[in-house]
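Biologist: Can you walk me through this model, beginning with how the helices pack and then turning to the DNA?

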Amino acid sequence: MAEEDDLGAPLIAELHKPPALLPIAQLKDRLLYAIEAFPVTIIVGACINETAQIPQYLFKAGWTNDGSQIAVTQPRRIAATSVSARVAEELGCQLGQEAGYSIRFEDVTSEKTKIKFLTDGLLLREMLVDPLLKRYSVVMVDEAHERSLSSDILLSLLKKVLRARPDLRVVVSSATLDAEKFLDFLAPDDGETINNKTKEEYGTIVSIEGRTHPVDIFYLSSSTNNYIEKAVETVMNIHTSEADGDILLFVTGREEIDDTIDMIADRIVDLPHGSRSLQPLPLYAGLPTDQQMYVFQKAGENVRKLIVATNIAEASVTIEGIIYVVDTGYVKLRAYDPVLGIERLNVVPVSKASATQRAGRAGRTKPGKCYRLYTEADFEALESATFPEIQRSNLAPVVLQLMNLGIQNLVRFDYLSNPPSALVVRALDLLFSLGAVDIHGRLTKPLGTRMAELPLEPMLARTLLNAPTFGCLSEMLSISAMMTLQGTAFVTHDGNQKLLEKARRRFAVKEGDHITLYNVYQAFTNPAVGKQSSQWCRENSLNYKALLKAVSVRKQLRNYLDRMGIQENALASSDAIRVGGMSMAERVQRCLTTGFFAHAARMKSDGSFVTVGGETVLWAHPSSIFFHRKADWVIYHEIQEAKGKVYIRDLTTVEMDWLTEYAPEYYKVKQK
DNA sequence: GAGCACTGC
């Protein structure tokens with residue numbers, strides 16, 4: 001590997017030091033002691049084994065004898081279900097008995113359940129009805145180092161709960177590096193006490209690092225300015241000179257995956273006859289499930305798999321048989337511009353934690369090798385952990401949820417990492433303009449609390465809650481459910497984009513994308529048309545799994561509204577809105593305006609759009625029916641920048657008068 | 001004119 005090549009940057013090895021292993025029995029005793037003695041225990045370096053074992057230790061040590069439960073939160077549904085299944089097996093019980101899981105749409109628990117795995121987002125929802133989490137004696141937050149929005153918020157709230165409940169035990173599981181930060185955050189400051197405990201008495205760190213196979217790390221001797229070319233080079237070198245074992249290559253997105261696979265395909269042709277072949281396979285979240293399956297199938301005789309993946313392979317998806325990891329050192333991360341309200345996807349260097357996680361993917365079954373396409377000095381210069389999501393997201397949904405939990409002052413809230421105040425202010429502004437927050441900064445009742453309860457972003461929640469007034473509740477339920485699919489409804493089954501566009505045209509209407517998606521939902525669920533079948537989806541370039549999800553989401557939304565006592569035909573509540581002779585399309589268009597007035601734009605003669613203030617040039621996303629058609633005023637669901645161009649997605653035509661009619665305050669201010 | 005990193009309720 002270390003030979004000079006055209007790119008002038010050979011890979012050099014870092015000497016590998018075998019880690020010391022802590023005997024499992026000793027680990028158990030230390031953990032049980034720590035959790036007994038300290039309200040807060042931070043566990044460093046636990047992998048799947050420990051995540052499954054620790055709650056069982058606690059269960060067997062009597063932490064649920066008083067009838068309470070142990071909660072283990074996960075950032076992803078798949079982890080909650082798979083780890084709970086494993087624990088149930090180890091306990092020798094049926095899943096849903098002593099061990100179970102609870103995720104959105106699926107509650108596999110019973111009165112007997114003692115160990116409950118759930119997503120961190122769902123535990124946050126539980127806090128609405130049980131703010132002190134009284135049913136749990138221990139809450140374990142797994143994968144805290146990922147710094148997801150919900151696990152960060154959960155830790156803030158747990159910090160408060162701990163002060164009110166000296167009996168509660170919080171266990172935070174993190175991969176290396178950040179342990180001190182979590183402990184500092186949850187424990188009292190130096191010299192202070194909480195429930196009569198000093199910082200030293202309040203929490204402890206237990207380290208169980210190094211239980212996987214060793215992975216040799218190689219770095220470049222000098223940086224490269226074309227990591228894709230270097231990646232192709234490295235992959236080919238591994239393939240021709242290293243022993244058996246599949247390769248996992250991390251790049252940043254779909255386009256890079258396609259490019260890389262094309263380049264590899266060109267190089268494969270040059271391989272000598274009779275040599276082992278290389279099979280490149282793409283893996284990214286947007287890939288339809290049937291195509292993702294190839295990645296998990298064993299390669300044929302004399303074939304080496306090369307999986308070219310996004311970050312999905314870093315933690316969400318695990319592939320057996322990976323011995324070699326090639327890490328370009330980059331990732332695509334979301335950034336939110338609070339001034340323009342635009343989301344961006346930026347390619348940025350990974351964090352040390354990410355790089356370590358990526359390398360670890362090579363050592364799951366036996367010792368492996370990781371090739372980092374950057375220098376050791378570059379690695380040392382990386383941020384230790386990924387920038388927390390709370391510092392780079394649209395915070396309107398979070399702010400709404402926190403207010404509904406009784407948090408009044410969002411600026412002074414005790415965050416694990418403070419979000420930039422511009423993000424908080426922007427969120428409050430939006431919530432105010434939607435009527436969820438009053439002039440005093442308090443959540444309104446019932447509108448604000450209802451919006452917070454719905455599992456929808458605020459603008460969509462507001463729209464749905466307005467639907468009865470326009471006599472289009474049923475339609476808006478379907479549209480809301482389809483919007484949660486985030487553009488995944490249509491899909492190419494064989495890479496044929498033309499078929500997809502043809503299919504889209506079959507459902508398209510002149511009013512725009514929302515009603516087009518409504519037509520898709522109607523057709524899919526119609527017993528005489530789509531019959532909720534995968535076959536029909538295939539024929540219409542539709543994503544079967546996504547549409548099934550829409551059906552579930554719609555049911556759930558319907559349940560929420562039923563519980564709120566919201567039904568169709570609440571027309572009498574507002575005689576200002578005359579919907580009598582109005583077409584259903586117009587009712588939906590007007591209703592959408594009441595939630596998305598802040599996302600209004602007008603098409604210019606060149607086909608681009610401008611916002612009301614006229615400061616930004618926008619383009620219809622290629623998936624919109626207005627990519628090709630003319631329009632005047634529209635509202636859009638989402639705005640995102642890609643490659644320097646700002647795209648708006650999911651557009652529906654509106655009349656300018658509706659904007660001032662339904663949002664007079666908002667447009668009065670804007671026009672000054 | 002030509003495109004979503006990844007999760008979650």
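Modeller: Angles under 35 degrees count as roughly parallel, over 145 as roughly antiparallel, 65 to 115 as roughly perpendicular and the rest as oblique. This is a predicted model, in which local features need pLDDT of at least 70 and side-chain atom pairs count only at pLDDT 80 or more, while totals for chains, interfaces and linings use all residues. Residues are numbered from 1 along each chain as its sequence is written, chains are lettered from A in the order in which they are written, and side-chain values use heavy atoms, without hydrogens and water.

Biologist: At what angle do α17 and α22 pack?

Modeller: Helix α17 (residues 473–483) packs against helix α22 (residues 584–596) at about 60 degrees, with the axes 10 Å apart, and the two are therefore oblique to each other.

Biologist: Which residues make the contact?

Modeller: Glu-475, Met-476 and Ile-479 of α17 meet Met-584, Val-588, Cys-591 and Leu-592 of α22, where contact means heavy atoms within 4.5 Å.

Biologist: Switching to the DNA, how many residues surround strand B?

Modeller: There are 35 residues around DNA strand B, and the closest are Arg-77, Arg-125, Ala-285, Gln-486 and Phe-627; a residue is near a strand if one of its heavy atoms lies within 4 Å of it.

Biologist: And which part of strand B does Arg-334 approach with its side chain?

Modeller: An N or O atom in the Arg-334 side chain is 3.2 Å from a base nitrogen of DNA strand B, whereas Arg-104 places a backbone N or O atom 2.8 Å from a phosphate oxygen of that strand.

Technical notes. Axes fitted to C-alpha atoms, helices over the stretch in contact; angles between N-to-C directions. Helix = DSSP H or I, 4+ residues; strand = E, 2+ residues; numbered from the N terminus. Polar contact = N/O pair within 3.5 Å; in protein donor to acceptor, adjacent residues only side chain to side chain.
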